[in-house]
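Student: I would like to go through this model term by term and hear what each label rests on. Where should we begin?

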Amino acid sequence: MPTPKKPVSTGQKSSSRKSLVYGAVIVVAAGLLGFASYRATAPDDTAPDTSSAPAAEVSAEPNEGVYPELAKLARRDADDKLATGRADAPVVLIEYADFKCGYCGKFARDTEPKLIEKYVKDGTLRIEWRNFPIFGEESENAARGAWAAGQQDRFWEFHSAAYAEGAKEKGFGKDRVKALAEEAGVKDLNRFMKDLEGKPAQDAVTKDQEQAYGIGATSTPSFLINGRPIAGAQPEETFTQAIEAAAEQAKTTGKDTGNAGNDAADPAK
């Protein structure tokens, strides 16, 4: 997804200082992810204007580097409503995404279901979603709606509805977000709307935004796989190689993968 010229984000100003919190290793990794994000969206003078269209072409190669400090950003919370897979899975994929991002939708429709089928279901992979709305008010609406749907255990259903073909073209005004929640099977729509507009939703989305900006993410989608930055909706092979390398590394090192937990809700259901 192209980097917006002026990202609209409640957490952007404070996030410019956030990378300092993570230390020198994070700063190095931020440079890598930021460069990969730039290359994924670098302008092409010979191409038509794509400032409003998603694009992702180049990413850090799977073997270019793993940053242990970034791996620590995995929450591994068994009660995380915006995650799927075992909390103690050896590999965690963190996705920073915007529902208005076309390439985020492409990943959600084409690649993510295959990763879930192949790696989440056998316990190898956990996927943790981070709301990273950077394209204005409707992005914020969709992000808060996703969080609110999660409070009623319907995040992944909302995720599927919002990323369905043609969904983003209909926009994400609040009435539309409510309709998506209904499509996703959210039972208490009154509670959903209160949650969407409440401070906990705002705080949760802002926390995710600040984390994304703090690691140098400048476009969507951006990913971390056990601390390995990947920018853009890359081919499936990029993700499978990174996941398998991380799983093998976990076996080799015997590193503790975090607190054990129960399976989270499975979006494939």
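**Terms and cut-offs**

Student: Why is cysteine 104 called buried?
Tutor: Its relative accessible area is 0%. Buried means under 20%, exposed over 50%, and partly exposed in between, with a 1.4 Å probe and protein chains only. Cysteine 104 is under the limit, so the label is buried. Cysteine 101, at 1%, is buried too.

Student: What do these values come from?
Tutor: The model is predicted: local features need pLDDT of at least 70 and side-chain atom pairs count only at pLDDT 80 or more, while totals for chains, interfaces and linings use all residues. Residues are numbered from 1 along each chain as its sequence is written, and side-chain values use heavy atoms, with hydrogens and water left out.

Student: How many disulfides does the structure hold?
Tutor: Zero. The test is a pair of cysteine sulfur atoms within 2.5 Å.

Student: What makes lysine 106 partly exposed?
Tutor: Lysine 106 has 36% relative accessibility, which lies between the two limits, so it counts as partly exposed. This lysine is found in helix H5. Its C-alpha is 8.0 Å from that of tyrosine 163, which is 57 residues away along the chain.

Student: What makes a stretch a helix or a strand?
Tutor: Each is a DSSP run: H or I of at least four residues for a helix, E of at least two for a strand, numbered from the N terminus. The chain has eleven helices and five strands.

Student: How do you know which strands pair, and in what order do they stand?
Tutor: Two strands pair if DSSP finds at least two bridges between them. The order is S1-S3-S2-S4-S5, in an open sheet with mixed pairing. S1 (83-84) and S5 (228-231) each have a single partner strand, so they stand at the edges and one side of each is left without a neighbour in the sheet.

Student: How many bridges join S1 to S3?
Tutor: Two, so the pair meets the minimum of two. S1 and S3 (residues 125-131) run antiparallel, and threonine 84 stands opposite isoleucine 127 in S3.

Student: What makes H5 a helix that packs on the sheet?
Tutor: Contact, which means heavy atoms within 4.5 Å. H5 (residues 102-120) touches S1, S2 (91-97), S3 and S4 (222-225). Its direction makes about 155° with that of S3, where axes are lines fitted to C-alpha atoms, for helices over the stretch in contact, and angles run from 0 to 180 degrees between N-to-C directions. H10 (residues 199-214) packs on the sheet as well, touching S2 and S3, at about 105° to S3.

Student: How do you know that S4 pairs with S2 and with S5?
Tutor: S2 and S4 share four antiparallel bridges, and four more antiparallel bridges join S4 to S5. Serine 222 is the bridge partner of tyrosine 96 and also of alanine 231 in S5. S4 and S5 form a hairpin with two residues between them, and asparagine 226 in the turn has a positive phi of about 50°.

Student: Why are both faces of S4 called covered?
Tutor: Ser222 and Leu224 on one side, and Phe223 and Ile225 on the other, are all buried.

Student: What is the span of H10, and what is it set against?
Tutor: The expected span is 1.5 Å times one less than the number of residues. H10 has 16 residues and reaches 22 Å from first C-alpha to last, close to the expected 22 Å. After H10 comes glycine 216, with a positive phi near 95°.

Student: Why is serine 139 called buried, and what does its side chain reach?
Tutor: Its relative accessibility is 1%, under the limit, so serine 139 counts as buried. It lies in helix H6 (residues 137-150). Its side chain reaches the backbone nitrogen of phenylalanine 135 at 3.5 Å. A polar contact is a pair of N or O atoms within 3.5 Å; within protein, one must be able to donate a hydrogen and the other to accept it, and residues adjacent in sequence count only if both atoms are side-chain atoms.

Student: Why is asparagine 141 called buried?
Tutor: At 8% relative accessible area, asparagine 141 is under the limit, so it is buried. Asparagine 141 also lies in H6. Not counting residues up to four places away in sequence, it touches Phe172, Gly173, Lys174, Val177 and Leu196.
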